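I opened a fresh page for this one and kept my notes short. Here is what I looked up, entry by entry.

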Amino acid sequence: MDDSYRVNICGVEWRNPVTTAAGTFAVAESGKYFDPAELGAVTTKGVSAEPWAGNPTPRIAETPSGMLNAVGLENPGVDAYIAGDLRVLKDRGATVISNVAGHSEDEYVYVCRRLDATDTDMLELNVSCPNVREGGMAFGTDADTLARLVGKVRAVTDKPLIVKLSPNVTDITKLAAAAERAGADALSLINTLLGMRIDTRTGKPILANITGGLSGPAIRPVAVRMVYEVARSVSVPVVGMGGIMTGEDALEFLLAGASAVAVGTAALIDPAAPVRVARELGELISNPQVAAAIDAARVRTA
Amino acid sequence: MRERATASIVENLEIASGVYRLTLADSRGSDMVSGIVAEAAPGQFVNVYLNSASMLLPRPFGISDVVASERGPRLVLVYAVVGAGTAELSTYAPGAAIRILGPQGNGYELAPLGKNVLLIGGGLGIPPLLFATRRIRERLTPGDDTRLTALLGYRDAPYYSGGMGLYCDEVFSISETASGIGEYKKEHEHKKNRPFCVVNGTVMDLAARLVSDGRLDLTDASILSCGPMPMLCAVAEWAKSKGIPAQVSLEARMGCGYGACVGCTIEVKPAEPIASAANTKGTVLFVSPSDESLTEHPSIAQRKVCKDGPVFPAEAIVW
Ligand SMILES: Cc1cc2nc3c(=O)[nH]c(=O)nc-3n(C[C@H](O)[C@H](O)[C@H](O)COP(=O)(O)OP(=O)(O)OC[C@H]3O[C@@H](n4cnc5c(N)ncnc54)[C@H](O)[C@@H]3O)c2cc1C
Ligand SMILES: Cc1cc2nc3c(=O)[nH]c(=O)nc-3n(C[C@H](O)[C@H](O)[C@H](O)COP(=O)(O)O)c2cc1C
Ligand code: FES
C-alpha cells in the first residue's frame, strides 16, 4: 500500500491516516480480509480488568443507514488480551491502539497500568460507551469526572493517551477541554449516539438492553460537526469517526480538522472496508489541491 | 479469503406463498459463487447485502444447494419475505447483481451419524436441510443400511418435501394451519417416497405421533435440525429425553455475520467436560477449523453463532 500519506499522531508514525474503530475489528476474523499492518493503526475492542460477558441478546438492530448495538463490551479481560490479540498484532507488525474500558476509576487505572508494560503503541480510553451500566459513558459526560479519571490514568502511563469522547452531551468542547487539560495526548470522536428501536408488531424494544449505540452513515453529519467543533477548540490531534464508508467520507473528517480517521460500522458490512477507505483516501490526497485543503484545515484549527 | 463481492441473479422465483428461491451465478470479474460452490458444507450460510443504502446489515441465509451446472456454478438460497429487506430482495430481477459473502460459519458434522438419521426441519429451515440430506445420501456406500427420515413442519402448505423425498427413505410432513383431522393424509401415494402429511400440529406433535404409532425407529439414531428457535428448543428437549444426539442450526440477529462485532452470541454450557455426541465420536467441541482467535475466555460461556455456529450440538446450548 502507498505510504506517501503518513501521519504522526502524538509521536506515533502511522503509515496512513486510517485506523479501525474500537469494537469493529477482531484479530482472527478481520485478519482474514486484510493485513492489519496495512492500516495506519488498528484499534482493538474495549478491554477491562476481568472478563466481561456483555449484554443479553438481541444485541443488534438495524436502523435507517445505520445500526444500534448493545454488545456491552464483552471481552476476555486484559491478561487474555495481552497474551492473545496484542501479541498477534504486534508480531504481524501492526501499530496498535488498545481501547480501554472500566466500571470504575480503579479499573481503568489498573488496565492502563497493565498495558503500559506492553508494547501497545497507544491507549484509547473509552469513557463513552452507552451500553454498560456502571462506568463507560458516565465518565465521559461530566467534565470534572472525566478530568479526574484522565489525570489518574495519565499518572500511571507514558504511552500516548487518546481519550474517546461521547456525543451524548450538550457541549462536547467542554469535555474535550477537560480531557486535554488533564493530560490527553489526542482525542477521538465520536462514540455511538444513544438510541432505541421498538418492534411495532410486539410493542417491545428490539434490543434486550432496551437502548443501544447508534453508528453508521446515519450519524456522520453529527460526527463531522463535533469533530469540527472540537478540532478548533483544542491543540491536540483529533481522530474522527462516525459513519465513514468511503475515502471521500474520510476526507470530509480531515477537512473538518481531524488528523486521522477510524472506520467502524463500514467494516462490519464490508470486512475489507478499512483498507479500501485508506486506499481511496490516498488517491484523493494525491491530488495536490486536496492535500492543500487538508493542510489548510489543520492550520485553521491548530 | 474472498472479499465481499457481487453475484449475478439467475432466478428469483416465488415457489410458495411469500417464499422465494434465489439462484446466483458468478458475475463478471467475480468468482464468489464458484468459490462458495466449491467449498460450501451443509449448514453454512451466506451473507446477502441489499442494494438499498438504508439497509446496511447482512441478511444471513442458509445455503440450500450448490450446483455445478453446465452453464457454470450455481448457488441456491431459499428465503421468506418477512420484513423490509427480504421484501426488497424479492423485487430483484434476473440479471441484477447483488453482493454476497460466504460460505460463513460451521456446518453439520456429517459422519458418523448412526443407523437412523432424522432430519427435522421447520419452514425455511427445510431447504438448507435438503442440502445436508443430499450430501449424506451421496456419501453412503452401496449396501449401507443407514435410513434417512425427514420430519418436516410447515405453517401452511408444504414445499421442498418432494425434494426431501429424493434423498430420504421416508418423509413425513405436518402443517400448523391446514384444516382437517389429525390423520395421516396419504398425499402423493403414487410416488416412490411417499410424503405423508399430518395436519394441524407442530413437527414435535408429528414426532410423538410417529413414535406412538411405532413408525419411527430410534435405535442408533441421530438428529440434524434446522428451523425457528422455538422448534429447535423443542427438538433439543425431545432428543435429550430419547438420548439421541442432535445437531441444531441456530438463528441470531447479526451485525456482521463474520465474527467481528460479537453481536450474535449464544450462551453455551461451560466448555470443558461436555459429553456431546460429537465429542464421543471423536471431534472436539467449539474449536472451529479456522480458529486462531485467542480472544475467547473459558469463563465466558458464550459463542458466536456466525463463526462458531450456526450448527451446534443441541446439548451444548443453554436453551
Ligand atoms: C444462520 C442463519 C440462516 C438463515 N437462513 C435462512 C434461510 O435459509 N431462509 C430464510 O428465509 N431465512 C433465513 N434466516 C433468517 C433471515 O436471515 C431473516 O429472515 C432475514 O434476515 C430477515 O430480513 P428482513 O430485512 O426481511 O427482516 P427485518 O425484520 O426487516 O430485518 C431487520 C434486521 O433483523 C434481522 N433479522 C430479522 N429476522 C431475523 C431472523 N429470523 N434471524 C436473523 N436475523 C434476523 C435482519 O437480518 C436485519 O438485520 C437465517 C438466519 C440465520 C441467522
Ligand atoms: C458493534 C460495535 C462495538 C463497539 N465497541 C466499542 C468499544 O469496545 N469501544 C469503543 O470505544 N467504541 C466502540 N464502538 C464505537 C465505535 O468504535 C465508533 O466510535 C462508532 O461506532 C462510530 O463509528 P462508525 O459509525 O464508523 O461505526 C463500537 C461500535 C460498534 C458498532
Ligand atoms: S454477527 Fe458479528 S460476530 Fe456474529
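**Entry 1: a methionine and its patch.** I began with A:Met196, which I found in strand β11 (residues 193-196) of chain A. A reminder to myself before reading on: this is a predicted model. I then asked whether A:Met196 is buried, partly exposed or exposed. Its relative accessibility is 43%, so A:Met196 counts as partly exposed, the class between under 20% for buried and over 50% for exposed. Next I looked up which residues share a surface patch with A:Met196. They are A:Ile198 and A:Ile210, and the three form a nonpolar patch with about 270 Å² of accessible area together.

**Entry 2: the isoleucine in that patch.** I stayed with A:Ile210, which sits in the loop between β13 (204-205) and β14 (211-215) of chain A. Its phi caught my eye: A:Ile210 is not a glycine, yet phi is positive, about 70°. Its relative accessible area is 43%, so I noted A:Ile210 as partly exposed.

**Entry 3: a positive phi in chain B.** I looked up B:Asp220 too, and here phi is about 45°, again positive in a residue that is not a glycine. B:Asp220 belongs to the loop between α5 (203-212) and β12 (221-226) of chain B. With a relative accessible area of 54%, B:Asp220 is exposed.

**Entry 4: cis peptide bonds.** In chain A I found a cis bond between A:Leu189 and A:Ile190, with omega about 10°. A:Ile190 is placed in the loop between β10 (186-189) and β11 of chain A. In chain B a cis bond links B:Gly309 to B:Pro310, with omega about 10°. B:Pro310 is in the loop between β15 (302-304) and β16 (311-313) of chain B.

**Entry 5: helix α4 of chain A.** I went on to α4(A), residues 143-156, which has 14 residues. From first C-alpha to last it reaches 20 Å, close to the 20 Å expected at 1.5 Å a residue. Which residues of α4(A) are buried? I listed A:Leu146, A:Leu149, A:Val150, A:Val153 and A:Val156. They cover an arc of only 125° around the axis, so they lie on the same side of α4(A). On the other side, A:Asp144 and A:Ala155 are exposed. I also checked what covers the buried residues, and the cover includes α3 (105-116), β8 (122-126), β9 (161-164) and α5 (172-181) of chain A.

**Entry 6: chain B as a whole.** I counted up the secondary structure of chain B and got seven helices and 16 strands. The chain has 319 residues, of which 55% count as buried. Among its contacts with a separation of 6 or more, 69% are between residues 24 or more positions apart. Its accessible surface comes to about 13,400 Å², with 53% belonging to carbon and sulfur atoms.

**Entry 7: one buried residue of chain B.** I closed with B:Ile36, in helix α1 (residues 32-39) of chain B. Its relative accessibility is 0%, so B:Ile36 counts as buried. What does B:Ile36 touch, not counting residues up to four places away in sequence? I wrote down B:Arg2, B:Val46, B:Ile63, B:Val66, B:Leu75, B:Ile100, B:Gly102 and B:Pro103. I also looked up B:Gln104: it is 68 residues from B:Ile36 in sequence, with 9.4 Å between their C-alpha atoms.

Definitions and conventions. Residues numbered from 1 in each chain as written. Chains lettered and ligands numbered in written order. Predicted model: local features only at pLDDT ≥ 70, side-chain atom pairs only at ≥ 80, totals over all residues. Heavy atoms only, no water. Helix = DSSP H or I, 4+ residues; strand = E, 2+ residues; numbered from the N terminus. Expected span 1.5 Å × (residues − 1). Buried < 20%, exposed > 50% of the residue type's maximum accessible area, 1.4 Å probe, protein only. Arc of directions from axis to C-beta. Contact = heavy atoms within 4.5 Å. Patch = residues over 30% accessible without salt bridge, like charges linked within 9 Å, V, L, I, M, F, W, Y side chains within 5 Å. Areas by Shrake-Rupley, 256 points an atom, 1.4 Å probe, with all protein chains shown as cover. Salt bridge = Lys/Arg side-chain N within 4 Å of Asp/Glu carboxyl O.
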